[in-house]
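Biologist: I am new to this structure. Please take one part and go through it closely, in plain words. I would like to see how the helices there pack together.

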Amino acid sequence: MFKDQSVFEIISAGGFTIYILILCSVISIAVIIERVVYYHRRSRFSRIDIISQIRKEISSNHILQAIGLCKNIDSPMARVALAGLNLHGHDEKLISNAMEREITVETIKLERFTGIVGSIGGTAVYIGLLGTVMGIMRAFSDIAKAGSGGMNVVTIGIAEALICTAAGLLVAIPAVLSYNWFTRKIDNFVIDMELTASELVDLICVKKR
């Protein structure tokens with residue numbers, strides 16, 4: 001059916017829904033790339049390394065150096081620790097509350113744009129299905145106009161249906177897989193931030209005693 005046809009010709013045969021899917025694909029790929037780069041940059045320093053360096057500074061009573069260390073590390077865990085270190089010497093509950101608020105702020109940053117990929121993954125299949133239905137309707141309409149069936153009559157409608165079905169799946173599958181990976185990555189970041197906050201409270205309380 002698609003023999004000797006160019007990519008542009010095949011896309012054109014998919015009808016207007018194929019252009020909606022192409023737009024969804026471009027948006028999805030852009031968000032996926034941006035999020036992968038964002039997470040990679042913030043994963044360069046592990047929670048263990050950050051806490052280990054902070055512990056060394058606090059044990060030497062170098063609180064300002066620990067604060068400077070956290071400022072120079074581009075990591076959600078470092079920013080959570082920074083929120084606690086900035087209140088060093090204050091009440092334990094006040095320090096914990098400050099770090100909990102920072103965890104919320106960092107979580108919002110981590111989740112940014114991920115809902116777009118999830119929405120595209122959930123709707124792309126249905127957009128493709130819409131194109132499929134429209135293609136089948138076109139095929140029946142062509143049969144009605146021609147007064148008889150046959151491959152030559154229904155080719156355009158069937159082509160539109162098949163292209164839209166394939167395009168919907170091609171857009172949805174990477175988006176769903178990426179969204180699931182984003183969710184898992186965010187959960188790992190949140191766990192690390194919570195552990196960082198807990199460990200820092202212990203370090204500060206031990207030092208105060």
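Modeller: What follows is a walk along a run of packed helices, then into the core and out to two loops. Keep in mind that this is a predicted model.

Start with a general point. Two packed helices are described by the angle between their axes and the distance between the axes.

Take α3 and α4. Helix α3 covers residues 47-59. Helix α4 covers residues 63-71. The axes of α3 and α4 come within 7 Å. They cross at roughly 160 degrees. Angles over 145 degrees count as roughly antiparallel, so α3 is roughly antiparallel to α4. The crossing of α3 past α4 is right-handed. Which residues of α3 and α4 meet? From α3 come Gln 53, Ile 54, Glu 57 and Ile 58. From α4 come Ile 63, Gln 65, Ala 66, Leu 69 and Cys 70. By type, the residues of this contact of α3 with α4 are 6 nonpolar, 2 polar and 1 charged.

Between α3 and α4 runs a loop, and Asn 61 sits in it. Asn 61 is not a glycine, yet its phi is positive, about 60 degrees. Is Asn 61 buried or exposed? Its relative accessible area is 52%. The cut-off for exposed is over 50%, so Asn 61 counts as exposed.

Now move on to α5, residues 76-85. The axes of α4 and α5 come within 8 Å and cross at roughly 150 degrees. That makes α4 roughly antiparallel to α5. Here the crossing is left-handed. On the α4 side, the contact is made by Ile 63, Ala 66, Ile 67, Cys 70 and Lys 71. On the α5 side, it is made by Ala 78, Ala 81, Leu 82 and Leu 85. These residues of α4 and α5 divide into 8 nonpolar, no polar and 1 charged.

Next, the core. The largest nonpolar core holds 47 residues. Which of them touch the most other members? They are Ile 54, Leu 85, Met 99 and Leu 200. Several helices each give at least two residues to this core, among them α3, α4 and α5. The largest share, 16 residues, comes from α8. Helix α8 spans residues 151-208.

Look at Leu 200 more closely. Set aside residues up to four places away in sequence. Leu 200 then touches Ile 54, Ile 58, Ala 81, Gly 84, Leu 85 and Met 99. Ile 54 and Ile 58 also take part in the meeting of α3 with α4. Ala 81 and Leu 85 also take part in the contact of α4 with α5.

Helix α6 is a good next stop. Leu 110 lies in α6. Leu 110 is buried, at a relative accessible area of 0%. Beyond its neighbours within four places in sequence, Leu 110 is in contact with Arg 35, Tyr 38, Tyr 39, Pro 76, Ile 186, Phe 189 and Met 193. Leu 110 and Phe 189 are 79 residues apart in sequence. Their C-alpha atoms are 8.4 Å apart in space.

Finish at the loop between α6 and α7, where Phe 113 lies. Phe 113 has a positive phi of about 75 degrees, and it is not a glycine. Phe 113 is partly exposed, at 40% relative accessible area. Thr 114, in contrast, is in helix α7 and counts as buried at 7% relative accessibility. Leaving aside neighbours within four places in sequence, Thr 114 contacts Arg 35, Tyr 39, Tyr 179, Phe 182 and Ile 186.

Conventions
Residues numbered from 1 in each chain as written. Predicted model: local features only at pLDDT ≥ 70, side-chain atom pairs only at ≥ 80, totals over all residues. Heavy atoms only, no water. Axes fitted to C-alpha atoms, helices over the stretch in contact; angles between N-to-C directions. Helix = DSSP H or I, 4+ residues; strand = E, 2+ residues; numbered from the N terminus. Parallel < 35°, antiparallel > 145°, perpendicular 65-115°, else oblique. Left-handed = near helix turned anticlockwise from the far one by under 90°. Contact = heavy atoms within 4.5 Å. Nonpolar A, V, L, I, M, F, W, Y, C, P; charged D, E, K, R; others polar. Core = buried A, V, L, I, M, F, W, Y, C linked by side-chain atoms within 4.5 Å. Buried < 20%, exposed > 50% of the residue type's maximum accessible area, 1.4 Å probe, protein only.
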